[in-house]
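Trainee: Can we go through this model together? I'd like to hear how each label is earned.
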Amino acid sequence: MRYKLTFVAGLALGYVLGTRAGRERYEQLKKSARQISQNPAVRNTAESAAQQGRQFAGKAYHVVSDKVGDRVPDSVAQRVRSLRERGAGGAAEDDWGTSNT
């Protein structure tokens, strides 16, 4: 109960402080976030992180599939295959502006 009360109090405090900051401050923060996300260094780092994540996921997929083998129900195996095929559809950009190449 104590944690719920603390959470509600923090939520109320955040709401009050947020409304006092107003729309102008929100627009400032939004503009700053957009400028940071458009920075070439940030974009390159995000691309590198996404590429490494895809490589690690691929390695993990192969390790798990080798260990699990035929013990996975067909419905799960078909779902995984369809997700992999959908993800291999090309070099479309994700929400962060990085490509899936």
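Mentor: Sure, starting with the elements: helices are DSSP runs of H or I with at least four residues, strands are E runs of at least two, and both are numbered from the N terminus. By that rule the protein has 3 helices and 0 strands, in the order α-α-α along the sequence. This is a predicted model, where local features need pLDDT of at least 70, side-chain atom pairs count only at pLDDT 80 or more, and totals for chains, interfaces and linings use all residues. Residues are numbered from 1 along each chain as its sequence is written, and side-chain values use heavy atoms, with hydrogens and water left out.

Trainee: Why are helix 1 and helix 2 called roughly perpendicular?

Mentor: Helix 1 (residues 2-38) and helix 2 (residues 40-68) pack at about 65°, their axes 5 Å apart. Axes are lines fitted to C-alpha atoms, for helices over the stretch in contact, and angles run from 0 to 180 degrees between N-to-C directions. Under 35 degrees is roughly parallel, over 145 roughly antiparallel, 65 to 115 roughly perpendicular, and the rest oblique. So this pair gets the label roughly perpendicular.

Trainee: Which residues make the contact?

Mentor: With contact meaning heavy atoms within 4.5 Å, they are Ile-36, Ser-37 and Gln-38 of helix 1 and Pro-40, Val-42 and Arg-43 of helix 2.

Trainee: What makes Glu-47 and Arg-54 a salt bridge?

Mentor: The cut-off is a side-chain nitrogen of Lys or Arg within 4 Å of a carboxyl oxygen of Asp or Glu. Here the N to O distance is 3.8 Å, so the pair qualifies. The whole structure has 1 salt bridge.

Trainee: How do you know whether Glu-47 is buried, exposed or partly exposed?

Mentor: Buried is under 20% relative accessible area, exposed over 50%, partly exposed in between (1.4 Å probe, protein chains only). Glu-47 has 23%, so Glu-47 is partly exposed. Arg-54, at 30%, counts as partly exposed too.
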